[in-house]
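Biologist: Could you pull up the model so we can go through it together?

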Amino acid sequence: MRIAIAGAGNVGRSIAQELIDNGHQVMLIERQPKMLRPDRVPAADWVLADACELTSLEEANVAGCDVVVAATGDDKVNLVVSLLAKTEFAVPRVVARVNRAENEWLFTEQWGVDVAVSKPRVMAALVEEAVTVGDLVRLMTFRQGEANLVEITLPPSAPYVGQPIHAVPIPRDAALVAILRGKRVLVPSPDDPIEVGDELIFVCTAAVEDEVRAVILGPGSTERNRDRT
């Protein structure tokens with residue numbers, strides 16, 4: 001893919017290097033000359049320009065990009081970049097960094113954002129994922145909350161421990177996409193059994209999260225979760 005990243009700070013450069021390592025073509029757009037450091041990510045195309053300026057984005061041929069990432073440290077800038085990328089250049093996928101948690105509500109499709117990545121939310125989810133067994137943890141939200149990436153670590157009391165995946169009545173609008181077992185990542189197949197300590201990774205809509213929790217952990221798990229909230 002061809003990907004444009006607005007903001008060449010530590011976050012933007014890290015994203016760029018990761019994407020380049022995965023075989024993508026990356027362009028970094030930075031408005032501050034002192035932040036223009038091509039030696040840090042030599043395989044990227046570097047552009048000195050203001051990503052909030054329509055003419056700058058035209059000259060950088062943002063319209064030819066598959067993805068735009070608004071990765072600056074300023075939420076106002078990230079919103080403007082997202083809106084221009086989507087409305088003026090019809091970029092198929094716009095990902096925006098949220099710096100301040102109180103601004104997260106703004107990062108919606110009305111501002112051109114397909115995926116908003118909030119550092120505080122991601123960090124909180126990773127903490128929960130590391131320490132929580134026997135409950136559903138939301139790791140990431142896609143498409144303004146229409147779908148979520150969630151994780152459940154199986155306790156010994158889970159009703160389907162030891163049974164194959166095809167025996168588990170996974171609700172509609174939910175899909176088991178991976179099983180983390182120790183240091184292994186398993187692609188689920190119908191005959192694979194699930195074991196105590198497995199981390200089950202689902203993509204599901206918010207509406208069926210309680211159903212997924214109830215199936216995987218037992219009917220009482222949803223009530224226990226509500227008691228804590």
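**Charges, caps and strands**

Modeller: Sure. At the start of α3, the backbone nitrogen of Lys76 has a side-chain oxygen of Asp74 within 2.8 Å. Keep in mind that this is a predicted model.

Biologist: And which residue forms a salt bridge with Asp74?

Modeller: Asp74 is partly exposed, at 26% relative accessible area. Its partner counts as exposed, with 61% relative accessibility. The closest N and O atoms of the pair are 3.6 Å apart, which falls within the 4 Å cut-off for a salt bridge. The partner is Lys76.

Biologist: Sticking with α3, how far does the helix reach from its first C-alpha to its last?

Modeller: Helix α3 covers residues 75-87, so 13 residues in total. At 1.5 Å a residue you'd expect 18 Å, and the helix comes close to that. The reach is 18 Å.

Biologist: What do the buried residues of α3 pack against?

Modeller: The buried set in α3 includes Val77, Leu79, Val81 and Leu84. Asp75 and Asn78 are buried too. The elements that the buried residues of α3 pack against are β1, α2, β4 and β5.

Biologist: Okay, β5 then. Which side chain of opposite charge is nearest to Arg97?

Modeller: Arg97 sits in strand β5, residues 93-98. The side chain of Arg97 has a polar atom 3.0 Å from the backbone oxygen of Ala71. Arg97 is buried and has no salt bridge: the nearest opposite charge is 6.6 Å away, beyond the 4 Å cut-off. That nearest side chain belongs to Asp75.

Biologist: Glu30 is another buried one without a salt bridge. Which backbone nitrogens does the side chain of Glu30 reach?

Modeller: Glu30 is in strand β2, residues 25-30. The nearest side chain of opposite charge, Arg31, is 5.6 Å away. One backbone nitrogen lies 2.8 Å from a polar atom of the Glu30 side chain, and another is reached at 3.0 Å. They belong to Ala8 and Gln32.

Biologist: Which residues does Glu30 touch, leaving out those up to four places away in sequence?

Modeller: Arg31 and Gln32 don't enter this list, since contact partners up to four places away aren't counted. What remains is Gly7, Ala8, Gly9, Met35, Leu36, Val47, Leu48 and Ala49.

Biologist: How many residues of β2 are buried?

Modeller: β2 pairs with β1 in the parallel sense over 5 bridges, and Arg2 stands opposite Gln25 in β2. The strand is largely enclosed by the rest of the structure, because the buried residues number 5 of the 6.

Biologist: Back to salt bridges. How many does the structure hold?

Modeller: Asp74 with Lys76 is one of them. Another joins Arg100 to Glu102 at 2.8 Å, N to O, and Glu102 is partly exposed at 46% relative accessibility. The total is 7.

Biologist: Is Asp198 buried or exposed?

Modeller: The side chains of Asp198 and Arg181 meet in a salt bridge at 2.7 Å, N to O. Asp198 is in the loop between β10 and β11 while Arg181 is in strand β9, so the pair ties together parts that are 17 residues apart in sequence. With a relative accessibility of 1%, Asp198 counts as buried.

Biologist: Which residues are joined into one network with Asp198?

Modeller: Salt bridges that share partners do the joining here. Besides Asp198, the network has Arg181 and Glu195.

Methods:
Residues are numbered from 1 along each chain as its sequence is written. This is a predicted model: local features need pLDDT of at least 70, side-chain atom pairs count only at pLDDT 80 or more; totals for chains, interfaces and linings use all residues. Side-chain values use heavy atoms; hydrogens and water are left out. Helices (H or I, at least four residues) and strands (E, at least two) are DSSP runs, numbered from the N terminus. Buried means under 20% relative accessible area, exposed over 50%, partly exposed in between (1.4 Å probe, protein chains only). Lys and Arg count as positive and Asp and Glu as negative; His and the chain ends are not counted. A polar contact is a pair of N or O atoms within 3.5 Å; within protein, one must be able to donate a hydrogen and the other to accept it, and residues adjacent in sequence count only if both atoms are side-chain atoms. Contact means heavy atoms within 4.5 Å. The expected span of a helix is 1.5 Å times one less than its number of residues. Two strands pair if DSSP finds at least two bridges between them.
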